[in-house]
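Subject: Structure handover

Hi,

Here is the structure I said I would pass on. Have a look at it first, and then read on for what I found in it.

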Amino acid sequence: MASSVKMEVSHSQEQAQSPRPAPVQKLHYPFWFGGSASSFAASVTHPLDLVKVRLQTRGPSAPTSMLGMFGHVVKNDGLLGLYSGLSASLLRQLTYSTTRFGIYEELKSRFTSPDHPVGFLTLVGMASASGFIGGIAGNPADVINVRMQHDAALPLEQRRNYRHAIHGIMQMTRTEGPASLFRGVWPNSTRAVLMTASQLASYDVFKRMCINKAGMSDNLSTHFTASFLAGFVATTVCSPVDVIKTRVMSASPAESRGHNTLGLLREISRKEGFAWAFRGWVPSFIRLGPHTIATFIFLEEHKKLYRMLKGV
């Protein structure tokens, strides 16, 4: 009996002395991480984005395939032609992606914790709000980005010849008025809502599934798998709005006069049928897939380095 009591007391002492698992530390990452990661990714995938824009706005005699358009650009503009508009693309990421990623991460930091993750619909709501604000913030750079990528496909007399993104913004403001910088802001913001909801929210869900359901570790393989699936979802969801946005932003003042977004939609449907909604889907996925993968891998590495510097 005494021996049994001693054993129970000893066991209780061991339990009291055994260390409890430390709670998962909640970190607040810098607001600019998303914009920085997206800028790195854009530097890698810009040629794919340029080819996608050229396919969506091509004329009757232009190539219809992605490889054909690549060859067409290189033949007419050289290898550097694949990086036409890179400054505008980087400016877009520094405005649009910094805003949407920053707000999304801020909302997640405030309303979720590692021990109590929120549901998918809540993540979608957070991402949608973040994307809408990001779409408005990044619209001027997005207009310049589309124009600079499309410029070389125009006849010489119609080219705008922006030297870089800031020059393009100044030229547009001077010749077309400040309102021109927000041309296509509603389809662009709609696309940003769809993009952010389908990309950021789905990435978090796929990453959670890889770790909790598939038994994967929080490592590069998991980040690659989750971001690849998020890129596929985002491309499919955003394709129709992406085509409309590109058409509206690349239009000249004469072409856009008398046409609102709904009128342009009717005009495209009348001329091309409903296949326009997924025009350029393959190059969009080939561009957005690697861009999504690169963005989230760069973002996770940003966070990893930050944790190391903080000693977590």
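Before anything else, where in the chain is confidence lowest, and where is it highest? This is a predicted model, so I started there. The low end is helix 1 (residues 2-17), with a mean pLDDT of 47, while the high end is helix 7 (residues 185-212), with a mean of 92. Within residues 5-12 the pLDDT falls below 50, and that stretch has zero contacts in the model beyond near neighbours in sequence. For the chain, the mean pLDDT is 83, with 86% of the residues at 70 or more.

Now the overall layout. The chain has 11 helices and zero strands, which gives the pattern α-α-α-α-α-α-α-α-α-α-α along the sequence. Of its 312 residues, 47% are buried. If you take the contacts between residues at least 6 apart in sequence, 79% of them join residues at least 24 apart.

On to the cores. The largest nonpolar core contains 18 residues, and Tyr104, Leu123, Phe296 and Leu299 have the most contacts inside it. Which helices supply at least two residues each? They are helix 2 (33-56), helix 4 (86-111), helix 5 (120-151), helix 7, helix 8 (220-250) and helix 11 (281-310). Helix 7 provides the largest share, five residues. A separate core of 10 residues lies apart from that one, and its members include Leu48, Leu50, Met66 and Val73.

Two residues of helix 5 are handy if you want to click around here. Leaving out residues up to four places away in sequence, Leu123 touches Tyr104, Lys108, Val118, Ala201, Asp204, Val205 and Arg208. The other one, Ala127, also lies in helix 5. Is Ala127 buried or exposed? It counts as buried, because its relative accessibility is 0%. With the same sequence neighbours left out, Ala127 touches Tyr104, Thr196, Ala197 and Ala201. Ala127 and Ala197 are 70 residues apart in sequence, yet their C-alpha atoms are 4.8 Å apart.Gly231 is another residue to look at, and its place is in helix 8. With a relative accessibility of 0%, Gly231 counts as buried. Not counting residues up to four places away in sequence, Gly231 touches Phe285, Leu288 and Thr292. The C-alpha atoms of Gly231 and Ser198 are separated by 8.3 Å, and the two residues are 33 apart along the chain.

Next, helix packing. Two packed helices are described by the angle between their axes and the distance between the axes. For helix 2 and helix 3 (residues 66-77), the axes come within 10 Å and cross at roughly 100°. That angle makes helix 2 roughly perpendicular to helix 3. Which residues make the contact? Helix 2 brings Pro47, Leu48, Leu50, Val51, Arg54 and Leu55, and helix 3 brings Met66, Met69, Phe70, Val73 and Asp77. By type, the residues of this contact of helix 2 with helix 3 divide into nine nonpolar, no polar and two charged.

Helix 2 also packs with helix 11: their axes come within 7 Å and cross at roughly 175°. Helix 2 and helix 11 are therefore roughly antiparallel to each other. Here the residues of the contact divide into 14 nonpolar, nine polar and four charged.

Finally, the loop between helix 5 and helix 6 (165-176), where Arg163 is found. Arg163 counts as exposed, because its relative accessibility is 65%. The C-alpha atoms of Arg163 and Gly85 are separated by 8.8 Å, with their positions 78 residues apart along the chain. Asn161 lies in that loop between helix 5 and helix 6 as well. Most residues other than glycine have a negative phi. Asn161 is not a glycine, but has a positive phi of about 55°.

Cheers

Terms used:
Residues are numbered from 1 along each chain as its sequence is written. This is a predicted model: local features need pLDDT of at least 70, side-chain atom pairs count only at pLDDT 80 or more; totals for chains, interfaces and linings use all residues. Side-chain values use heavy atoms; hydrogens and water are left out. pLDDT is the predictor's confidence in each residue, from 0 to 100. Helices (H or I, at least four residues) and strands (E, at least two) are DSSP runs, numbered from the N terminus. Contact means heavy atoms within 4.5 Å. A nonpolar core is a set of buried Ala, Val, Leu, Ile, Met, Phe, Trp, Tyr and Cys residues joined through side-chain atoms within 4.5 Å. Buried means under 20% relative accessible area, exposed over 50%, partly exposed in between (1.4 Å probe, protein chains only). Axes are lines fitted to C-alpha atoms, for helices over the stretch in contact, and angles run from 0 to 180 degrees between N-to-C directions. Angles under 35 degrees count as roughly parallel, over 145 as roughly antiparallel, 65 to 115 as roughly perpendicular and the rest as oblique. Ala, Val, Leu, Ile, Met, Phe, Trp, Tyr, Cys and Pro count as nonpolar, Asp, Glu, Lys and Arg as charged, and the others, Gly among them, as polar.
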